[in-house]
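Let's walk through a protein structure together, one step at a time. Keep the picture beside you as you read, and look up each residue when its name comes up.

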Amino acid sequence: MSRSVRALAVPEGGFQRIAVLRLSSLGDVILTLPVVHALRRAYPNARIEYWVKEEFASVVRHDPAITHVRVLERGARRLEDLVSMSAELESCDLIVDLHANSRTRVLTMRQSAPVLRLDSRRWQRARWVHARWTRPAPLPHVTERYAATVAPLGVPVDAVPRVTVPADAVEQATVTVQALASGKPCVALAPGAMHATKRWPEERWCELEAALAARGVGRVILSTAAERRALPRLAAQVAASTGASWVTDSLERCGALLGVCAAAVTHDSGLMHLAAARGTRVVALFGSTSPVLGFAPCGAGHEVISLGLPCQPCTLHGRERCPKRHFRCMMGIEVAAVRDRVTRLLES
């Protein structure tokens, strides 16, 4: 059994091997990085291992604070696989579980090392979805909740995550953006999201892309290949445009491009957090979710558009259709409002 967090004592000389567990998803992994960086500052000689699913590993692979990335491959996530993997944690003298789900509990349940485990505030978040009439208070940003996990160590945690990408990727991204923008600003557009109720309608993205093109602003559109196939009209418009390029490459490539763009327009998605963590200001569109759940883009200077309807948020993560059948949370966000927010960021 894990020792009580309250009883935790730092060994003389500090911790030597620390495991940080956050298996998914993209945005959550990014938002754990302030804790990782704080642990590195506090224990500069420690081996810090980050446990994460294969599809998100590249976002932490190049972080200088992380000694080793332990990847959970797609075909090795069954109960028996996790029990076997847990043996790798036996030599750790500290485990920081920033996921606190069933998989990380299996990984940590037999460890003798102290385990600091995230308080996910699951019931407080659910209250916003199922009992808004009780007028719950907005939740602290998730970075604050991650920081609270290591509070027993007395380790100060900076609020803003930063993602590191390879220098050659940044160089290539700079060349791409300069070619698109021809000396003018370049804006990243991220029209994808895992759940339908998080997505602004395709026709609105088409209008926004055209409006930015008319102003001579470069556009780089970032998504998965599947998201691109689901947006055929926008894909055709971008293909026919000058000053625009659609990129469906790796997270490293996307992170590099986001870091050299002047602004980004996203949904409540992993790319929203990646843009912010690369130092780019974001115009973030919230539909069925809401910033009150603690997942707004982290840092200063971002623009969040959320209509604050009585039915928002209707979900913690997203739905496949609007339960009210009107989808006003996204349909009510006008292209002019988004364009004006982008202009404000570019001018400032």
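A helpful word to begin with is pLDDT, the predictor's confidence in each residue, on a scale from 0 to 100. You need it here because this is a predicted model. Across the chain the average pLDDT is 95, and 98% of the residues score at least 70. Residues 1-5 are another matter: their pLDDT is below 50, and the stretch has 13 contacts in the model beyond near neighbours in sequence. Where pLDDT is low, the predicted coordinates should not be read in detail.

Now turn to the interior. The largest nonpolar core has 72 residues, and those touching the most other members are I18, V20, L39, V60, L153, V220 and L222. Helix α13, residues 270-277, supplies the largest share of this core, with six residues. To get a feel for the packing, pick out L39 and ask which residues it is in contact with, leaving aside its neighbours within four places in sequence. They are I18, V20, I48, V96, L153 and V155. Another core, of 29 residues, lies apart from the largest one, and L189, L234, V283 and C322 are among its members.

Next, look for aromatic rings. How many aromatic pairs does a search of the whole structure find? There are two. One joins F15 and Y43 edge-to-face, with 5.3 Å from centre to centre and 85° between the planes. F15 lies in the segment before β1 (17-21), while Y43 is in the loop between α2 (33-42) and β2 (47-53), so this pair ties together parts that are 28 residues apart in sequence. Both partners, F15 and Y43, are buried.

The other pair is made by W200 and W205, again edge-to-face, at 5.4 Å centre to centre and with 80° between the planes. Are these two buried or exposed? A residue counts as buried when its relative accessible area is under 20%. W200 has 2%, so W200 is buried, and W205 has 1%, so W205 is buried as well.

A ring can also have a charge for company. Find W51: the charged end of R70 sits over its ring, 5.3 Å from the centre.

Last come the cysteines. The structure holds zero disulfides. Two cysteines to find are C92, which is buried at 6% relative accessibility, and C298, which is buried at 9%.

Methods:
Residues are numbered from 1 along each chain as its sequence is written. This is a predicted model: local features need pLDDT of at least 70, side-chain atom pairs count only at pLDDT 80 or more; totals for chains, interfaces and linings use all residues. Side-chain values use heavy atoms; hydrogens and water are left out. Contact means heavy atoms within 4.5 Å. Rings of Phe, Tyr and Trp (its six-membered ring) pair if their centres lie within 6.5 Å; planes under 30 degrees apart count as stacked, over 60 as edge-to-face and the rest as tilted. Helices (H or I, at least four residues) and strands (E, at least two) are DSSP runs, numbered from the N terminus. Buried means under 20% relative accessible area, exposed over 50%, partly exposed in between (1.4 Å probe, protein chains only). A charge sits over a ring if NZ of Lys or CZ of Arg is within 6 Å of the ring centre and within 35 degrees of the ring normal. A disulfide is a pair of cysteine sulfur atoms within 2.5 Å. A nonpolar core is a set of buried Ala, Val, Leu, Ile, Met, Phe, Trp, Tyr and Cys residues joined through side-chain atoms within 4.5 Å.
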